[in-house]
Amino acid sequence: MNHSYPVLIQAHQLQLCYSTALSAQTIFKDLTFSLPASQQLALLGRSGSGKTTLLHACAGLLPVTSGELTVCGYPLHQLGEAERTAFRRAHIGLVFQQFNLIPTLTVMENLQFVCAMNGQSTAANKLHTLLDQLGIADKHASFPGQLSGGEQQRVAVARALAHKPSLVLADEPTGNLDLDNARQVIELLVAACRESQAGLILVTHSSELPARLDSVARLEQGSLVMTTGE
Ligand SMILES: Nc1ncnc2c1ncn2[C@@H]1O[C@H](COP(=O)(O)OP(=O)(O)OP(=O)(O)O)[C@@H](O)[C@H]1O
Ligand SMILES: [Mg+2]
């Protein structure tokens, strides 16, 4: 895919709050950073530092409170919920710690479902190629419950990539896996994103896994501190 924007993410004085009728909690007050196109970034930070919050904002799941957040050329701070949903379906691939596969659909049907949701009729042979890349082509007719944890997470990676997103946001995708499986899934995720020139933000608690990515950043007291890769 040839991306027409020079930067993947541009945040300027970004403020993100969670508010309910009773309270409001500010997570980021003045966050400014940018991420070049096709960049692969590992995002670290202690529990509660706002990693998931930032990913959700970049996915258009959480509205911007103030400041600017432009992702893949889309000014999310100017868009309403319906437009952010359309943006997410077209441009974002999400991988979660829990695999979130649909248990009543086979592996192939899980991929076809997300493509259909995104208005694409991706040919079955393209999806087979993707499953093959991830080493699970022989599982295409299996149901998620018939797969190991590592295999399920590879299906979740395939599902995130099936509609050719510009940016993949992975929130501790290996938190449920042993170290060997975690390494394998990260290697496959990194390789698959490189192959399709998609950017990647990988939230991880593992100090070993980020070595495979272009750069590493840490969230500390509401700021994003680049620790390598700049
Ligand atoms: N839906 C929500 N409503 C209100 N506050 C929230 C909500 N989600 C998260 N928070 C608060 O925002 C802060 C940041 O949470 P977040 O989930 O982004 O942290 P995190 O860095 O992903 O942590 P972890 O490593 O434990 O997953 C926390 O103080 C949390 O309590
Ligand atoms: Mg989190």
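User: What makes Leu167 and Gly199 in β8 a matter of strand pairing?

Analyst: Leu167 stands opposite Gly199 in β8. Two strands pair if DSSP finds at least two bridges between them. Strand β7 (residues 167-171) and strand β8 (residues 199-203) have five bridges, in the parallel sense, so they count as paired under the cut-off of at least two. Strands here are DSSP runs of E with at least two residues, helices are runs of H or I with at least four, and both are numbered from the N terminus. The model is predicted: local features need pLDDT of at least 70, side-chain atom pairs count only at pLDDT 80 or more, and totals for chains, interfaces and linings use all residues. Residues are numbered from 1 along each chain as its sequence is written, with chains lettered from A and ligands numbered from 1 in the order in which they are written.

User: Why are β6 and β10 said to stand at the edges?

Analyst: The open sheet of six strands has the order β6-β7-β8-β3-β9-β10, with mixed pairing. β6 (92-95) and β10 (223-228) each have a single partner strand, so one side of each lacks a neighbour in the sheet.

User: What makes Gly45 count as one of the residues around ligand 1?

Analyst: A residue is near a molecule if its C-beta atom, placed from the backbone, lies within 6 Å of it. Gly45 is in the resulting list, as are Tyr18, Lys51 and others.

User: How does the shell around ligand 1 divide by residue class?

Analyst: The shell has two nonpolar, eight polar and one charged. Ala, Val, Leu, Ile, Met, Phe, Trp, Tyr, Cys and Pro count as nonpolar, Asp, Glu, Lys and Arg as charged, and the others, Gly among them, as polar. The largest share, three residues, comes from α1.
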